[in-house]
Amino acid sequence: LSVITNGLRPANQLSVYDQVRVTILGGAFLVFNATITGSDAESMLSRVQATYASAGTDAVDPVRGITSRTYEQARLKSAMMHHAQRAYIVADSSKLGEHGPFHYWSELPSDWGLITDAGADPVALTALRAAGAGSVIIARH
């Protein structure tokens, strides 16, 4: 398994497995969430075609897409989804729907998946399915 990530936490967690090859995108380090962003990371990603991409988010909205705290994060998440055959958005149930003062958004692909928890509001899930969430995975503890 090959994993390409901009997150230092997932890279550290996966590094203990011999069968996983981890590549970390280069660029500017964001301390608040231990991720890498910027034009260097985007350049590295432009040379990749992944089978799957997963992106965490502070909110997922059926119209606006997924949000990020910075413009650079939003650009990189957009590129990640663009360079994958299938994108999965990871968002706990509290993040479904537009919340908070978010300014930076990435559009959702036409067909994508959602990974969330059992507390997800059925109305929100219906709206997200209508916005292209072809699969919804409810994570269990």
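Contact means that heavy atoms lie within 4.5 Å. Keep that in mind for the exercises below. The model is predicted: local features need pLDDT of at least 70, side-chain atom pairs count only at pLDDT 80 or more, and totals for chains, interfaces and linings use all residues. Residues are numbered from 1 along each chain as its sequence is written, and side-chain values use heavy atoms, with hydrogens and water left out.

**Exercise 1. Find the surroundings of Ile24 and say how exposed this residue is.**

Step 1: Locate the residue. Ile24 belongs to strand S2 (residues 21-24). Helices (H or I, at least four residues) and strands (E, at least two) are DSSP runs, numbered from the N terminus.

Step 2: List the contacts. Setting aside neighbours within four places in sequence, Ile24 is in contact with Thr5, Leu8, Ala11, Ile36 and Met44.

Step 3: Check the exposure. Buried means under 20% relative accessible area, exposed over 50%, and partly exposed in between (1.4 Å probe, protein chains only). Ile24 has 40% relative accessibility, so it counts as partly exposed.

Step 4: Try a distance. The C-alpha atoms of Ile24 and Val60 are separated by 25 Å, and the two residues are 36 apart along the chain.

**Exercise 2. Describe Ala59 in the same manner: its place, its burial and its contacts.**

Step 1: Ala59 sits in the loop between S5 and S6.

Step 2: Its relative accessible area is 0%, so Ala59 is buried.

Step 3: Not counting residues up to four places away in sequence, Ala59 touches Gly65, Ile66, Thr67, Lys95, Gly97, His99, Phe102 and Trp105.

Step 4: Between the C-alpha atoms of Ala59 and Pro109, 50 residues apart along the chain, there are 16 Å.

**Exercise 3. Work out which strands stand at the edges of the open sheet S6-S7-S9.**

Step 1: Write down the order. Three strands form this open sheet as S6-S7-S9, with antiparallel pairing. Two strands pair if DSSP finds at least two bridges between them.

Step 2: Count partners. S6 (60-61) and S9 (104-106) each have a single partner strand, so they stand at the edges and one side of each is left without a neighbour in the sheet.

Step 3: Look at one pairing. S6 and S7 (residues 65-68) run antiparallel and are joined by two bridges; Asp61 has Gly65 in S7 as its bridge partner.

**Exercise 4. Trace the pairings of strand S8 and explain why it is largely enclosed.**

Step 1: On one pairing, six bridges join S5 (residues 50-56) to S8, and these strands run parallel. Here Ala50 has Ala84 in S8 as its bridge partner.

Step 2: S8 is also joined to S10 (residues 112-117) by four bridges, again in parallel. In this pair, the bridge partner of Ile89 is Leu114.

Step 3: Five of the seven residues of S8 (residues 84-90) are buried, so the rest of the structure largely encloses this strand.

**Exercise 5. Examine the unusual backbone angle at Ala34.**

Step 1: Ala34 has a positive phi of about 55°, although it is not a glycine.

Step 2: Its place is the loop between S3 (28-30) and S4 (35-37).

Step 3: With 11% relative accessibility, Ala34 counts as buried.

**Exercise 6. Put the whole protein together.**

Step 1: The protein has four helices and eleven strands.

Step 2: Along its principal axes, the C-alpha trace spans about 40 × 30 × 25 Å.

Step 3: Of the 141 residues, 41% count as buried.
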